[in-house]
Amino acid sequence: GDEVTVESGARVEASLMGSTGVDLTECEVYGDVGSDGRITANDAYIHSSVSGTTIRLQNCVVRGNVVGTNVRLENCLVLGIAAADRELVLEDSLCYTFKALGGGECTGAQVLLPQAIADASFTISDPISVIGLPISNDDAAEIELTDDDRVEYDEQTYLTIADRVLDLEG
């Protein structure tokens, strides 16, 4: 339909596609969620990917990717990639990795993969924690990605710990 709304306590065992928008509240979706317009979700569990133009997820778990033009994740767990063409905002969220081509910002973010794509206009307010990845057995300290970890390669800006663990110059 044009606008899809799923209310509290609902369990949807199909993909949800709305041409103008999708709104999820305290529900569970076993399929993709997509829209050419806006997607909002609060306290939702999505067992697949989310794709749309403007996406705002709060207190959600996504067992797939979140891909859009403008993406905002607040207190979310994304087991895949969070990617935005224009703006990506990560607030107190964990994702496998992220791709912020047009900028954005992060505060209290965590990633599983110690590498991400972050345009130069992407602001890192707090260091990004890399979960569960000590560099060696002797060094069990938490790994973080900061502005110092930005690397330019083939007209793309990456955040990576590769310089710390590999001899990239040699």
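Helices (H or I, at least four residues) and strands (E, at least two) are DSSP runs, numbered from the N terminus. The model described here is predicted, so local features need pLDDT of at least 70 and side-chain atom pairs count only at pLDDT 80 or more, while totals for chains, interfaces and linings use all residues. Residues are numbered from 1 along each chain as its sequence is written, and side-chain values use heavy atoms, with hydrogens and water left out.

Helix α1 spans residues 162–165, and Ala162 belongs to it. Ala162 has a relative accessible area of 16% and is therefore buried. Buried means under 20% relative accessible area, exposed means over 50%, and partly exposed lies in between (1.4 Å probe, protein chains only). Asp149 is 13 residues from Ala162 in sequence. In space, the C-alpha atoms of Ala162 and Asp149 are 8.5 Å apart.

Strand β7 covers residues 38–42, and its side chains alternate. Ile39 and Ala41 point to one face and are buried. Arg38, Thr40 and Asn42 point to the other face and are not buried. Strand β7 also has pairing partners. Two strands pair if DSSP finds at least two bridges between them. Strand β4 (residues 21–25) pairs with β7 in the parallel sense, over five bridges. In this pairing, Val22 has Ile39 of β7 as its bridge partner. Strand β9 (residues 50–58) is likewise parallel to β7 and is joined to it by five bridges. Here Asn42 has Gln58 of β9 as its bridge partner.

Charged side chains were examined next. Side chains of opposite charge can pair when their charged atoms come close. A salt bridge is a side-chain nitrogen of Lys or Arg within 4 Å of a carboxyl oxygen of Asp or Glu. The structure holds six salt bridges. One of them links Arg38 to Glu3, with the closest N and O atoms 2.7 Å apart. Arg38 lies in strand β7 and Glu3 in strand β1 (residues 3–6), so this pair ties together parts that are 35 residues apart in sequence. Arg38 is partly exposed, at 33% relative accessibility. Glu3 is also partly exposed, at 39%.

A salt bridge also forms between Arg150 and Asp147, where the closest N and O atoms are 2.9 Å apart. Arg150 has a relative accessible area of 23% and is partly exposed. Asp147 is partly exposed at 43%. Elsewhere, salt bridges that share partners join Arg56, Arg72, Glu74 and Glu91 into one network.

Within that network, Arg72 and Glu74 meet through their side chains in a salt bridge of 2.7 Å, N to O. Arg72 is partly exposed, at 28% relative accessibility. Glu74 is buried, at 14%. Glu74 is part of strand β11 (residues 66–74). The side chain of Glu74 also makes polar contacts. A polar contact is a pair of N or O atoms within 3.5 Å; within protein, one must be able to donate a hydrogen and the other to accept it, and residues adjacent in sequence count only if both atoms are side-chain atoms. One such contact, of 2.8 Å, joins the side chains of Glu74 and Arg56. Another, of 3.0 Å, runs from the side chain of Glu74 to that of Gln58. Contact in the wider sense means heavy atoms within 4.5 Å. Leaving aside neighbours within four places in sequence, Glu74 is in contact with residues including Leu57, Asn59, Glu91 and Ser93.

The nonpolar interior was then considered. In soluble globular proteins, nonpolar side chains tend to be buried together. A nonpolar core is a set of buried Ala, Val, Leu, Ile, Met, Phe, Trp, Tyr and Cys residues joined through side-chain atoms within 4.5 Å. The largest such core has 43 residues. Leu24, Leu57, Val66, Leu73, Leu88, Phe98 and Ile128 touch the most other members. Strand β12 (residues 77–91) gives this core its largest share, five residues. Not counting residues up to four places away in sequence, Ile128 touches residues including Phe98, Cys106, Val111, Ile143 and Leu159.

The cysteines form no cross-links. A disulfide is a pair of cysteine sulfur atoms within 2.5 Å, and the structure holds zero disulfides. The sulfur of Cys27 is 8.2 Å from the closest cysteine sulfur, in Cys60, which is too far for a bond. Cys95 is in no disulfide either, as the nearest cysteine sulfur, that of Cys106, is 9.2 Å away. Cys27 is buried at 5% relative accessibility, and Cys95 is buried at 1%.
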